[in-house]
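Here are my comments on the model you sent. They deal with the aromatic contacts and with some of the strands.

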Amino acid sequence: MNSLKLKETINQIQIGECMQKEIIWNVENQVKSRQKKISRMKKAAVTAAVFALVIGAAIPIRAGIRYLVSDRMENIPDQELAQVRQMIQEQEDVEADSFTREYSKEERTRMQQLEEAYQDGKFPQQTITQTDSSNIQNDSLSYISDKGTFHLPDRTLTDEELLQIIDFNYTRDYALAQGDEAKKARKQRDLEVRRLEKEVKDADGLTEQEAEQAAAQFLKTEFGVSAKEAEVDIFLDQQMYDFAAYHVGFHIQDEGTIYAYGIDLSADDGRLLGTSSASLPKR
């Protein structure tokens, strides 16, 4: 699966744009190693790995699911979560969700607003109706489970219907994150981090503290931004550059916006490898 396909999957589970590069860095090579598996496992493996990394705080952005959403997910019966995973695995030819029509601009705006409300505890009164291809009701929202398709009626979706879509996406991703593929992804990531930490230490490379200090200097010279008020996340990785590198994320809140800056450094000598920046509404 290439970066474009992976981005489509990430967009599908509604993760902010500023997180996507970091997620891809951590997941892409793991996904490649799974491509020989049967097709029905592809989507589950990718989505589970992405979501596991997000909720596992293995990427340099303080995101993931809020407490109220987390509490809602944790109260879903294990049997229901298993049924969701089974549904995904049975979608043999489904690489990504499809839609019977595009969202309107107004629906997209409300979707973003309602996702923020959802994370603050505004949940739908009912779950989305799941059906198969032979049972579609044209005037009703539904998820066609055998096709992986959201059937959107030919009218403006209500807030309740948009919340049902949001809730379905979170529930599905959470279910996958509790499955074997996600557990495997977390375990692999933990083992890889420990290996890299030992490798960098044995080579007398930069410590995390030294990497953070160096990245703060680059933040100032590259973006003109001080790290003084920033939240900082840092992790080691070897997948983007084929050698050990620190990815340092600085997150600065300014009124209603979070500004995220990424600094990549060689773990060997601290040289600058790359930068990135993005902003998103504060949630």
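Is Phe-223 buried, exposed or partly exposed? Phe-223 has a relative accessible area of 27%, so it is partly exposed. Please keep in mind that this is a predicted model. The points below take up the ring pairs and then the strands.

1. Aromatic pairs. The structure holds 9 aromatic pairs. One of them is formed by Phe-99 and Phe-150, whose ring centres are 5.2 Å apart. The planes of these two rings stand at 15 degrees, and because planes under 30 degrees apart count as stacked, this pair is stacked.

2. Where the stacked pair sits. Phe-99 belongs to strand S1 (residues 98-99) and Phe-150 to strand S4 (residues 149-151). With these positions 51 residues apart in the sequence, the pair links distant parts of the chain. Phe-150 has a relative accessible area of 1% and is buried, whereas Phe-99, at 36%, counts as partly exposed.

3. The tilted pair. Phe-223 and Tyr-261 have ring centres 5.0 Å apart. Their planes are at 55 degrees, so this pair is tilted. Phe-223 is in helix H9 (residues 208-223), while Tyr-261 is in strand S7 (residues 257-266). The pair therefore ties together parts that lie 38 residues apart in sequence. Tyr-261 has a relative accessible area of 15%; because buried means under 20%, Tyr-261 counts as buried. Its partner Phe-223, at 27%, is partly exposed.

4. The ring cluster. Phe-99 and Phe-150 also belong to a cluster linked by ring pairs. The other members of this cluster are Tyr-103, Tyr-143 and Phe-168.

5. A charge over a ring. Arg-72 lies over the face of Phe-123. The distance to the ring centre is 4.5 Å.

6. Strand S6. Strand S6 covers residues 245-254, and 8 of its 10 residues are buried. This strand is therefore largely enclosed by the rest of the structure.

7. Partners of S6. Strand S5 (residues 231-237) pairs with S6 in the antiparallel sense, over 7 bridges. Within this part, Phe-235 has His-247 of S6 as its bridge partner. S6 is also joined to S7 by 10 bridges, and these two strands run antiparallel. Here the bridge partner of Asp-254 is Thr-257 in S7.

8. Linking the points. S7 appears twice in this note: it holds Tyr-261, the ring partner of Phe-223 in helix H9, and it is bridged to S6.

Definitions and conventions:
Residues are numbered from 1 along each chain as its sequence is written. This is a predicted model: local features need pLDDT of at least 70, side-chain atom pairs count only at pLDDT 80 or more; totals for chains, interfaces and linings use all residues. Side-chain values use heavy atoms; hydrogens and water are left out. Rings of Phe, Tyr and Trp (its six-membered ring) pair if their centres lie within 6.5 Å; planes under 30 degrees apart count as stacked, over 60 as edge-to-face and the rest as tilted. Helices (H or I, at least four residues) and strands (E, at least two) are DSSP runs, numbered from the N terminus. Buried means under 20% relative accessible area, exposed over 50%, partly exposed in between (1.4 Å probe, protein chains only). A charge sits over a ring if NZ of Lys or CZ of Arg is within 6 Å of the ring centre and within 35 degrees of the ring normal. Two strands pair if DSSP finds at least two bridges between them.
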